[in-house]
Amino acid sequence: GNMNSIKRTNRSRILEYIFRNAPVSRATIAEQTDITPATVTMTIKMIIQEIKTILKMINHLKNLRIQKMMIIQEKLQLITLKMMTKKYWVKNKIIS
């Protein structure tokens, strides 16, 4: 329990320092926050991994949306084609 609390506190301090001072090196973050360089590096690696995961999820959702839009577009094209074919058939039926 206590270790997780320390990790969360370190993470918050690191993120806050980055937000206020970016761009900034890991060495400077460690020096200015009194958090060990190893902890800063490990924490930043975890944050980067989380960001990559979020970006993958966003990309996946975008792809799903594009697929959905393509399916809707295909359905609309089919409906339009059916309507045009029906209209043509009815028109020709009336004429003949």
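Here are a few notes for a first look at this predicted model.

1. Start with helix 1, which covers residues 2-21. With 20 residues at 1.5 Å each, this helix should span 28 Å, and its end C-alpha atoms are indeed 28 Å apart, so the expected and modelled spans agree.

2. Next, look at how helix 1 faces the rest of the model. N10, I14 and Y17 are the buried residues to look for here. They sit on the same side of helix 1, because the arc they cover around the axis is only 65°. Turn to the other side of the helix and you'll find R8, F19 and R20 exposed.

3. Now for the nonpolar core. The largest one is made up of seven residues: I14, Y17, I29, A30, I35, V40 and I44. Helix 1, helix 2 (26-33) and helix 3 each put in at least two of these core residues. As background, nonpolar side chains in soluble globular proteins tend to be buried together. Two of the names should ring a bell: I14 and Y17 belong to this core, and they are also among the buried residues of helix 1.

4. Y17 deserves a closer look. Leaving out residues up to four places away in sequence, Y17 touches A22, V24, T28, I29, Q32 and T33. One of those contacts, I29, is a fellow member of the seven-residue core.

5. On to the charged pairs: how many salt bridges does a search of the whole structure find? There are two. One joins the side chains of E50 and R11, with an N to O distance of 2.7 Å. E50 is in helix 3 (residues 37-95) while R11 is in helix 1, so this pair ties together parts that lie 39 residues apart in sequence. Both partners are partly exposed: E50 has a relative accessible area of 33%, and R11 has one of 27%.

6. The other salt bridge pairs E16 with R20, whose closest N and O atoms are 3.0 Å apart. Here both residues belong to helix 1, and because they are four residues apart, about one helical turn separates them. E16 comes out as partly exposed, with 41% relative accessibility. R20 counts as exposed because its relative accessibility is 65%, where the cut-off for exposed is over 50%. That fits with point 2, where R20 was listed on the other side of helix 1 along with R8 and F19.

Conventions. Residues are numbered from 1 along each chain as its sequence is written. This is a predicted model: local features need pLDDT of at least 70, side-chain atom pairs count only at pLDDT 80 or more; totals for chains, interfaces and linings use all residues. Side-chain values use heavy atoms; hydrogens and water are left out. Helices (H or I, at least four residues) and strands (E, at least two) are DSSP runs, numbered from the N terminus. The expected span of a helix is 1.5 Å times one less than its number of residues. Buried means under 20% relative accessible area, exposed over 50%, partly exposed in between (1.4 Å probe, protein chains only). The arc is that of the directions from the helix axis to the C-beta atoms. A salt bridge is a side-chain nitrogen of Lys or Arg within 4 Å of a carboxyl oxygen of Asp or Glu. A nonpolar core is a set of buried Ala, Val, Leu, Ile, Met, Phe, Trp, Tyr and Cys residues joined through side-chain atoms within 4.5 Å. Contact means heavy atoms within 4.5 Å.
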